[in-house]
Amino acid sequence: MTVTPAARPEVVTVGDADELGRRAADIVSEFVEAEPRGVLGVATGSSPEPLWAELVRRRRDGLRTDGLTLVALDEYVGLPAGHPESYRTFVRDRVAAPLGVDDDRVVVPDGTSADLLAATRAAEVHERRIADLGGVGLQIVGIGANGHLGFNEPGSPFRSLSRVVELADRTRLDNARYFGGDPRAVPSRAITQGLSTIMSARHVLLVVRGRTKAVALDAALHGPVTESLPASLLQWHPRVTIIADREALGAS
Ligand code: PGA
């Protein structure tokens, strides 16, 4: 079977983190101006950090971000409420509060119970809340060094919805820096939006920094669309913008 990509993703190359922040903020600003009460999908990794900083600056200059609803891409399973590395904490403290978004418009899966059944229910609730909101308007994502999207690790089904997943060893290793350098301290499970959920967003903004992402990004952009590299699925999304630094685009 031959499948023709829906549209080539637009790729914006940036020289440094500040430029990445500005270019990504241009897209978010355009979205907020068109839809002041829109649904923004939030990724929690390090790559979008310059974007949050730039949006806070623009809010000070009058950009109205306080009407947005923020929807998280994923959350660890088993971290207690208020844990500094929980994504609820990140989205609330690092994104929602500085952008003036009230807590009741912050939608993060409830990963506080380590019980698998409770986490499974929380994932279903997340999927339903996204549907009830009418879907995500603009979804910000990063890419893992192994090509994951959200916490959809290699092998994740394209048709997947929000669910509980096991984290790949590579992901726990990459995220160990947030847990005192110990990969075993990184939770082994997470709740993530599914690949199908991410693909339902109307516009996907992928932000990528650093040469550790170069191989995965090159494969996602130019390789076959395959479940063994989840980010390659973006080739089939009708509207994707990729903002990446030269290091990340090094292999392209
Ligand atoms: P990063 O990670 O934003 O820290 O680069 C993204 C990811 O692993 O999905």
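This briefing walks through a sheet of strands, a ligand site and a few individual residues. The structure you are looking at is a predicted model. At its heart for our purposes is an open sheet of 7 strands with parallel pairing. We will start with that sheet, look at two of its strands, and then turn to the residues around the ligand and to two residues of helix α5.

**The sheet as a whole**

- Reading across the sheet, the strands come in the order β1-β10-β9-β6-β2-β3-β5.
- The edges are formed by β1 (10-14) and β5 (106-107), and each has a single partner strand, so one side of each is left without a neighbour in the sheet.
- As background, strands of a sheet pair through backbone hydrogen bonds, and this pairing can be parallel or antiparallel.

**Strand β9**

- Strand β9 covers residues 203-208, and 6 of its 6 residues are buried.
- In a regular strand, side chains alternate between the two faces of the sheet.
- You can follow two sets of side chains in β9: His 203, Leu 205 and Val 207 point one way, while Val 204, Leu 206 and Val 208 point the other way.
- The residues in both of these sets are buried.
- On one side, β9 is joined by 5 bridges to strand β10 (residues 240-245), and the two run parallel.
- A good place to find this pairing is Leu 206, which stands opposite Ile 242 in β10.
- If you trace β9, helix α7 (residues 214-222) and β10, you will find that they make a right-handed β-α-β unit.

**Strand β6 and its partners**

- Strand β6 (residues 138-141) pairs with β9 in the parallel sense, over 4 bridges.
- Three pairs help you line up these two strands: Leu 138 has His 203 as its bridge partner in β9, Ile 140 stands opposite Leu 205, and Val 141 is partnered by Leu 206.
- Leu 206 therefore appears in two pairings, with Val 141 of β6 and with Ile 242 of β10.
- Strand β2 (residues 39-42) also runs parallel to β6, and 2 bridges join them.
- Here Leu 40 is the residue that stands opposite Leu 138.
- Both faces of β6 are covered, with Leu 138 and Ile 140 buried on one side and Gln 139 and Val 141 buried on the other.

**Around the ligand**

- The residues around the ligand are Gly 45, Ser 46, Ser 47, Pro 48, Gly 142, Ile 143, Gly 144, His 148, Arg 177 and Lys 213.
- Ser 46 places a polar side-chain atom 2.7 Å from an oxygen atom of the ligand.
- For His 148, an N or O atom in the side chain is 2.9 Å from a ligand oxygen atom.
- For Arg 177, an N or O atom in the side chain is 3.4 Å from an oxygen atom of the ligand.
- Taken alone, the ligand exposes 280 Å², and the protein buries 82% of that.

**A closer look at His 148**

- His 148 sits in the loop between β6 and β7 (163-166).
- His 148 counts as buried because its relative accessible area is 11%, and buried means under 20%.
- Its side chain also makes a polar contact of 3.0 Å with the side chain of Glu 153.
- Leaving aside neighbours within four places in sequence, His 148 is in contact with Gly 142, Ile 143, Glu 153, Thr 171 and Pro 230.

**Two residues of helix α5**

- Asn 175 lies in helix α5 (residues 169-175), and Asp 174 is found in helix α5 too.
- Are these residues buried or partly exposed? Asn 175 is buried, with a relative accessible area of 11%, whereas Asp 174 is partly exposed at 25%.
- The side chains of Asn 175 and Tyr 76 are joined by a polar contact of 3.0 Å.
- Not counting residues up to four places away in sequence, Asn 175 touches Tyr 76, Tyr 87, Phe 151 and Val 186.
- Val 186 is also a handy landmark for Asp 174: the two are 12 residues apart along the chain, and their C-alpha atoms are separated by 9.7 Å.

Notes. Residues are numbered from 1 along each chain as its sequence is written. This is a predicted model: local features need pLDDT of at least 70, side-chain atom pairs count only at pLDDT 80 or more; totals for chains, interfaces and linings use all residues. Side-chain values use heavy atoms; hydrogens and water are left out. Buried means under 20% relative accessible area, exposed over 50%, partly exposed in between (1.4 Å probe, protein chains only). Two strands pair if DSSP finds at least two bridges between them. A crossover is right-handed if, with the strands pointing away from the viewer, the path from the first strand over the helix to the second runs clockwise. A polar contact is a pair of N or O atoms within 3.5 Å; within protein, one must be able to donate a hydrogen and the other to accept it, and residues adjacent in sequence count only if both atoms are side-chain atoms. Contact means heavy atoms within 4.5 Å. A residue is near a molecule or strand if one of its heavy atoms lies within 4 Å of it. Accessible areas come from the Shrake-Rupley method with a 1.4 Å probe; for residues, only the protein chains shown count as cover.
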